[in-house]
Amino acid sequence: MSILSKMSKSFEIAVGDAKSSDTEIDELIHYSKIDVPLEFIEIIKEKTELEIMVKNEKYIRIWGQVDV
């Protein structure tokens, strides 16, 4: 079961783009100055540029790996 399908009904995916590639995820992990949370990696394996609406009031934005 995907991590996004486990979200509370208070959350709704408003916008989502294609997933990050394995190469992009590996680069993110390699170059990150912090340990990338496993949950974040699971999310960007499904979708990037993700906007999650919270109770039709606010948004949470999740980007994927960014080229530097």
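Visitor: Which residue stands opposite V54 in β2?

Guide: F11 stands opposite V54. The model is predicted, with local features requiring pLDDT of at least 70 and side-chain atom pairs pLDDT 80 or more, while totals for chains, interfaces and linings use all residues. Residues are numbered from 1 along each chain as its sequence is written, and side-chain values use heavy atoms, leaving out hydrogens and water.

Visitor: What makes β1 and β2 a pair?

Guide: Two strands (DSSP runs of E, at least two residues, numbered from the N terminus) pair if DSSP finds at least two bridges between them. β1 and β2 (residues 48-54) have five bridges, in the antiparallel sense, so the definition is met.

Visitor: Why is one side of β1 and of β3 left without a neighbour in the sheet?

Guide: The open sheet has the order β1-β2-β3, with antiparallel pairing. β1 (11-17) and β3 (58-62) stand at its edges with a single partner strand each, so one side of each has no neighbour there.

Visitor: Why is the contact between E49 and R61 called a salt bridge?

Guide: The term requires a side-chain nitrogen of Lys or Arg within 4 Å of a carboxyl oxygen of Asp or Glu. The closest N and O atoms of E49 and R61 are 3.0 Å apart, so the pair qualifies. E49 lies in β2 and R61 in β3, so the bridge ties together parts twelve residues apart in sequence.

Visitor: What makes E51 partly exposed?

Guide: Buried means under 20% relative accessible area and exposed over 50%, with partly exposed in between (1.4 Å probe, protein chains only). E51 has 23%, and therefore counts as partly exposed.

Visitor: Which residues do salt bridges that share partners join into one network?

Guide: E51 also forms a salt bridge with R61, at 3.0 Å between the closest N and O atoms. E49, E51 and R61 are thus joined into one network.

Notes: Helices (H or I, at least four residues) and strands (E, at least two) are DSSP runs, numbered from the N terminus.
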